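Thank you all for coming; please take a moment with the sequence and the model before I begin, and then I will walk through them from the whole chain down to single residues.

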Amino acid sequence: MPFTLPELPYAYDALEPHIDARTMEIHHGKHHKTYVDNLNAALEKHPDFNAGDDIEALMRRFDEVPEAIKTAVRNNGGGHANHSLFWQVMGPGGGGAPTGVIADEINSTFGGWDALKQKLVDTGKGRFGSGWSWLVDEGGKLVVTDSPNQDSPLMNGQTPLLGIDVWEHAYYLNYQNRRPDYLEAWFNTVNWDFVNKRLEQARGHS
């Protein structure tokens with residue numbers, strides 16, 4: 001069964017003024033759709049490989065992907081997994097300081113939300129070219145990391161809890177080359193309820 005583009009869980013303009021509607025429309029309907037289409041096209045070339053219907057499970061077992069389609073699955077499967085998470089990490093009325101278990105974990109690991117936010121911003125600014133800034137769970141511990149292009153932390157056995165897309169297509173219409181401004185604005189969209197759910201799931205994997 002081919003992978004499908006998930007519906008955006010809110011309207012295109014729901015994250016304004018931080019993320020504009022046109023960017024969301026293009027990012028979701030064009031860029032993410034292309035990753036899904038290209039992933040399905042690659043998998044059709046290897047019908048003997050059972051990719052399943054869970055993109056995160058597929059990226060966790062990336063080593064099993066046939067060599068002939070490995071690059072396509074890395075780029076497009078990673079893009080599908082990363083963006084499927086990204087839409088849910090954001091939400092209308094989001095932002096502010098974290099609450100719940102994730103807040104306790106952040107305090108104990110990083111010394112507070114302000115310190116973690118700065119670390120994520122610095123990581124996003126420091127990622128040369130296209131990629132992501134991540135907060136992941138790694139063996140029961142919170143870690144800040146980054147990845148190039150559409151590489152997924154799932155490939156490294158990590159569970160992404162929060163990811164910030166720093167590809168230019170995520171912000172260029174509104175912010176042009178001002179990636180730091182986009183990063184600062186992006187934190188006004190964080191859906192902490194979802195991040196807490198991801199943490200619960202991650203600890204189930206640990």
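Let me start with a term: when I speak of a contact, I mean heavy atoms within 4.5 Å. With that in mind, among contacts in the chain between residues at least 6 apart in sequence, 68% join residues at least 24 apart. I should say at once that what you are looking at is a predicted model, and that the values I quote are computed from it.

Now to the overall layout. The chain holds 8 helices and 3 strands, and, reading from the N terminus on, the elements follow the order α-α-α-α-α-β-β-β-α-α-α. The radius of gyration is 17 Å, close to the 17 Å that the globule rule gives for 206 residues, and the chain is therefore as compact as a globular protein of that length. Taken along the principal axes, the box filled by the C-alpha atoms is roughly 50 × 40 × 30 Å.

How much of the chain is buried? Buried residues make up 51% of the 206 residues, and the area that the chain exposes is about 9600 Å², of which carbon and sulfur atoms supply 47%. As for charge, the chain has 18 positive and 28 negative charges, and the mean positions of these two groups are 4 Å apart.

Let me turn to helix 3, which covers residues 70–89. At 1.5 Å a residue, its 20 residues should span 28 Å, and the C-alpha atoms at its ends are 27 Å apart, which agrees with that expectation. Of those 20 residues, 15 are buried, so helix 3 is largely enclosed by the rest of the structure.

One residue to look at in helix 3 is N76, which has a relative accessible area of 11% and, since the cut-off for buried is under 20%, is classed as buried. Which residues does N76 touch, not counting those up to four places away in sequence? The answer is T34, Y35, N38 and L39. In addition, N76 and H32 are 44 residues apart along the chain, while their C-alpha atoms are separated by 8.9 Å.

A second buried residue is A185, with a relative accessible area of 12%, and this one lies in helix 7. Leaving aside neighbours within four places in sequence, A185 is in contact with H18 and Y175. From A185 to G95 the separation is 90 residues in sequence, but 9.4 Å in space, C-alpha to C-alpha.

For a residue in a loop, consider G100, which sits between helix 3 and helix 4, the latter being residues 101–110. G100 is partly exposed, with a relative accessible area of 44%, and, although G100 and V195 are 95 residues apart in sequence, the distance between their C-alpha atoms is 9.7 Å.

Finally, I would like to point out some details of the backbone. Where is the cis peptide bond that I want you to find? The bond in question runs from E16 to P17, with omega near 5°, and P17 belongs to the segment before helix 1, which spans residues 21–44.

Two further residues have a positive phi although neither is a glycine: N149, at about 55°, and Q176, at about 50°. N149 is in the loop between strand 2, residues 141–148, and strand 3, residues 159–165, and N149 is partly exposed, with a relative accessible area of 40%. Q176, for its part, lies in the loop between helix 6, residues 172–175, and helix 7, residues 179–186, and Q176 is also partly exposed, with a relative accessible area of 31%.

To draw the threads together, then, please keep in mind a predicted model with 8 helices and 3 strands, in which helix 3 is largely enclosed by the rest of the structure.

Key
Residues numbered from 1 in each chain as written. Predicted model: local features only at pLDDT ≥ 70, side-chain atom pairs only at ≥ 80, totals over all residues. Heavy atoms only, no water. Helix = DSSP H or I, 4+ residues; strand = E, 2+ residues; numbered from the N terminus. Expected span 1.5 Å × (residues − 1). Buried < 20%, exposed > 50% of the residue type's maximum accessible area, 1.4 Å probe, protein only. Rg over C-alpha atoms; globule rule 2.2 N^0.38 Å. Areas by Shrake-Rupley, 256 points an atom, 1.4 Å probe, with all protein chains shown as cover. Lys, Arg positive; Asp, Glu negative; His and termini not counted. Charge placed at Lys NZ, Arg CZ, Asp CG, Glu CD.
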